Amino acid sequence: MPTPIVDIGVNLMHRSFHQDREQVVERALENQVSPLIITGTSLRNSQDAARYASRYPGKLYATAGVHPHDAKSCTEDTITKLRQLAAQQQVVAIGECGLDYNRDFSPRDVQRKWFAEQIRLAQDLDMPLFLHEREAFTDFTAILKEHDVRHAVVHCFTGSYAELKAYLDLGYHIGITGWICDERRGKHLRDLVRIIPLDRLMIETDAPFLTPRDLKEKPAEGRNEPAFLPHILNAVARCIGKPADEIAQATTETAKAFFRI
Ligand SMILES: [Zn+2]
C-alpha cells in the first residue's frame, strides 16, 4: 500500500467538476491521494468549499480567501465573512490570496490592499497563508516582509532560483504542481526542486488546471484531477533523485504539520 499523499491545492468547486465531483473525490481516495485541501478563491467559492469539505471529515479540508483576480469584489464584509468561515474546523488556511500582475483582473492597488487585509486576518487567527504570486514578486515579498509573515506556502511555484531562495530564506513552504512534468516549460523547475528542503516541500495538482503534459492516458477535455497527484509525486522524486515513497512520506508529513491536520 503506497503512502497516502496530500493534494494541498485542488479547485474542487470549479464548474468543470459540477457533473462528477463525488467521483473525482472517490478516484483520488482510491489512488491514495488524501486528504485533499480545496482551494477557496472567492468568498462564495470558499463558502461552497467549506460546506462540501464538511461532508468528508478528515478527507477534505478547505482554505478561505479571495484570489487577487477577485480582489475588486472585496469589502470589509468579505473579511468578516471569511473570519466566520475560518472558525469552522475543516477550514485550515487563509487564501488563496496574493498578487497577480500577469492578468491584472483587479487593479494592482486594490490587489495589494486586500492581500494585506487577508494577511492580517491570518495572523489574527494564527492560521497559515496559502499564497498566489504571478509576475509580482517585488511587491509581493515587500508586503509579506512588512507584515513579518512566517507561516505561509507559495503555491504553484514556477519562479526563478533567486525567487525560490528568497521564499526559503523567509521561511516559507513551496507548493509544486504538474508544471514540473513539462519537459520544456518545467525544465528550470526540475533543477530547482532539489534545493527545497523536504520539510518545506509540498505537492499539489491545482486541478482542474495544469494537467501534467506527459500523462500516458490523456484525460477527457484535458481536465486535471487530484487522482493524478501520484504522477506529479513520481516526477518530483525523479528530479530529487530519491525513491517516490520517501518523497511521499516527507511531503505528507510536511503538509500535515503545515496545515495542522
Ligand atoms: Zn494560484
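Leaving aside neighbours within four places in sequence, Thr 254 is in contact with His 173, Leu 198, Asp 199, Arg 200, Leu 201 and Met 202, where contact means heavy atoms within 4.5 Å. The structure is a predicted model, in which local features need pLDDT of at least 70 and side-chain atom pairs count only at pLDDT 80 or more, while totals for chains, interfaces and linings use all residues. Residues are numbered from 1 along each chain as its sequence is written, and side-chain values use heavy atoms, with hydrogens and water left out.

Thr 254 belongs to helix α9, residues 244–259; helices (H or I, at least four residues) and strands (E, at least two) are DSSP runs, numbered from the N terminus. With a relative accessible area of 7%, Thr 254 is buried, a term that means under 20% relative accessible area, whereas exposed means over 50% and partly exposed lies in between (1.4 Å probe, protein chains only). Other buried residues of α9 include Ile 247, Ala 248, Thr 251, Ala 255 and Phe 258. At 1.5 Å a residue, the 16 residues of α9 should span 22 Å, which agrees with its end C-alpha atoms being 22 Å apart; the expected span is 1.5 Å times one less than the number of residues. After α9 comes Arg 260, whose phi is positive, near 55°.

Ala 64, in strand β3 (residues 60–64), is also a buried residue, with a relative accessible area of 0%. Not counting residues up to four places away in sequence, Ala 64 touches Ser 46, Leu 82, Leu 85, Val 91, Ala 93, Ile 94 and Gly 95.

Gly 95 also takes part in a cis peptide bond, which runs from Gly 95 to Glu 96 with omega near 5°. Another cis peptide bond leads from Ser 34 to Pro 35, with omega near -10°, and Pro 35 lies in strand β2 (residues 33–38). Most residues other than glycine have a negative phi, and most peptide bonds are trans. Two residues with positive phi are set out below.

| Residue | Phi | Place | Relative accessibility |
|---|---|---|---|
| Asp 104 | about 55° | loop between β4 and α4 (108–125) | 33%, partly exposed |
| Glu 221 | near 55° | loop between β8 (201–203) and α8 (229–240) | 84%, exposed |

Glu 96 has a further part to play in this description, as the zinc ion is coordinated by Glu 96 (OE), His 132 (ND1) and His 155 (NE2), at 2.1 to 2.2 Å. Donors are N, O and S atoms within 2.8 Å of the metal (3.2 Å for Na, K and Ca), and water is not among the atoms, so sites may look incomplete. Glu 96 in strand β4 (residues 91–100) and His 132 in strand β5 (residues 129–134) are 36 residues apart, and the pair links distant parts of the chain. Both Glu 96 and His 132 are buried.

His 132 is also among the residues that lie nearest the centre of the largest pocket, together with His 67, His 69, Asp 206 and Phe 209, in a lining of 32 residues. A pocket is found on a 1 Å grid over the protein atoms alone, as an open set of points where a 1.4 Å probe fits, with protein on both sides within 12 Å along at least five of seven lines, and lining residues have an atom within 4 Å of a point. The largest pocket has a volume of about 970 Å³, volume being the space filled by probe spheres set on the points, which are joined across faces, edges and corners.
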